[in-house]
Amino acid sequence: MFEKERQTMVEYQLKKRGIINDRVLTAMNVIPRHMFIPEVSRVMAYGDFAVPIGQAQTISQPYIVAKMLELLDPQFEDKILEVGSGSGYVVALLSKLCTKVIGVERIPTLVTGSRAKLKELKITNAGIVEGDGSLGAIHYQPFNKIIVSAACPEIPEDLVTQLKMNGTLVIPIGDRMKQKIIKATKTPKGLKLEEYGDCSFVPLLGLAGFK
Ligand code: SAM
């Protein structure tokens, strides 16, 4: 179902805009994005935009997902945390790209829904934790990589603590309306920051997020 739409998404929204990581492109061709979207909105699943997933939240635009995953550069042996796992789509993609994935989500109905989707797809190397992801996922640390799928005013300290040395954090930093995608690498001398394009995510709420 929707195979053609998914291939078109990969060709025109991702490859044509410069996404070159073959593993990321393959995962986005394999994971059925429409399954993570409520049935009433499924016809929009492969459009070039974010789509509502209920509870005033969204599944991010395919290009932004691909761009952030390419910056994260998941390797097979990595354990990766996604903060703000929403529908579970990015967790499902990561399950194809690394050995273990943990998603943290604060809204209980999204936690239940995303767990059900992962089960339906027989994904066994990923789990969703309910809680405030601005504090990371203390019981599962340390992580090789962390991706944050909601806007943050600044980089939460706990996420840096829970990241392994030389690990990578990809996170949208800015105000509630507009942010920049930041890639932070943890080095012995501190965080090395690189700035990528503009984006617009829903806010990360919580102790180290927006109040
Ligand atoms: N990547 C997700 C997907 O594939 O569906 C989309 C994420 S959506 C843009 C952002 C998510 O972050 C929302 O589901 C929201 O509830 C969640 N969120 C916001 N603040 C959070 C927090 N402090 N801890 C955990 N999740 C949070």
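**Reading the calls in a predicted model**

Mentor: Start with helix 5, residues 108-120. T112, K119 and E120 are exposed, on the other side of this helix from its buried residues. The model is predicted.

Trainee: Which residues of helix 5 are buried?

Mentor: L110, V111, S114 and L118. Seen down the axis of helix 5, they fall within an arc of 100°, so they line one face of the helix.

Trainee: What do the buried residues of helix 5 pack against?

Mentor: Five elements are listed: strand 1 (51-54), strand 2 (57-59), helix 4 (89-95), strand 4 (100-105) and strand 5 (126-130).

Trainee: How do you know the length of helix 5 fits expectation?

Mentor: Set the span against the rule. The helix has 13 residues. At 1.5 Å a residue, 18 Å is expected from first C-alpha to last. The model gives 19 Å, which is close.

Trainee: What follows helix 5?

Mentor: K122, with a positive phi near 60°.

Trainee: Why are helix 1 and helix 3 called roughly perpendicular?

Mentor: Take the angle. Helix 1 (residues 3-14) and helix 3 (residues 62-72) pack at about 70°, with axes 10 Å apart. The class runs from 65 to 115 degrees. The pair is therefore roughly perpendicular.

Trainee: Which residues make that contact?

Mentor: M9, Q13 and L14 come from helix 1, and P62, Y63 and A66 from helix 3. Five of the contact residues are nonpolar, one is polar and none is charged.

Trainee: Why does E82 count as buried?

Mentor: Compare the value with the cut-off. Buried means under 20% relative accessible area. E82 has 1% relative accessibility, so it counts as buried.

Trainee: Where is E82, and what is it in contact with?

Mentor: E82 lies in strand 3, residues 79-83. Leaving aside neighbours within four places in sequence, E82 is in contact with V90, V91, I102, G103, V104, I147 and S149. Its C-alpha is 9.2 Å from that of I128, 46 residues apart along the chain.

Trainee: What makes S41 buried?

Mentor: The cut-off is under 20%. S41 has 11% relative accessibility, so it counts as buried. S41 is found in the loop between helix 2 (22-30) and strand 1. It touches V51 and P52, not counting residues up to four places away in sequence.

Trainee: Is Q55 called buried, partly exposed or exposed, and what makes it so?

Mentor: Its relative accessible area is 46%. Partly exposed covers what lies between the 20% and 50% cut-offs. Q55 is therefore partly exposed.

Trainee: And what makes A56 exposed?

Mentor: Exposed means over 50%. A56 has a relative accessible area of 73%, so it is exposed. Q55 lies in the loop between strand 1 and strand 2, and so does A56.

Trainee: What is the phi of Q55, and of A56?

Mentor: Q55 is near 55°. A56 is near 60°. Each value is positive in a residue other than glycine.

Trainee: Why note a positive phi at all?

Mentor: Because most residues other than glycine have a negative phi.

Trainee: What kind of peptide bond joins Q141 and P142, and how do you know?

Mentor: A cis bond, with omega about 0°. Most peptide bonds are trans. P142 is found in the loop between strand 5 and strand 6 (143-148).

Key. Residues are numbered from 1 along each chain as its sequence is written. This is a predicted model: local features need pLDDT of at least 70, side-chain atom pairs count only at pLDDT 80 or more; totals for chains, interfaces and linings use all residues. Side-chain values use heavy atoms; hydrogens and water are left out. Axes are lines fitted to C-alpha atoms, for helices over the stretch in contact, and angles run from 0 to 180 degrees between N-to-C directions. Helices (H or I, at least four residues) and strands (E, at least two) are DSSP runs, numbered from the N terminus. Angles under 35 degrees count as roughly parallel, over 145 as roughly antiparallel, 65 to 115 as roughly perpendicular and the rest as oblique. Contact means heavy atoms within 4.5 Å. Ala, Val, Leu, Ile, Met, Phe, Trp, Tyr, Cys and Pro count as nonpolar, Asp, Glu, Lys and Arg as charged, and the others, Gly among them, as polar. The expected span of a helix is 1.5 Å times one less than its number of residues. Buried means under 20% relative accessible area, exposed over 50%, partly exposed in between (1.4 Å probe, protein chains only). The arc is that of the directions from the helix axis to the C-beta atoms.
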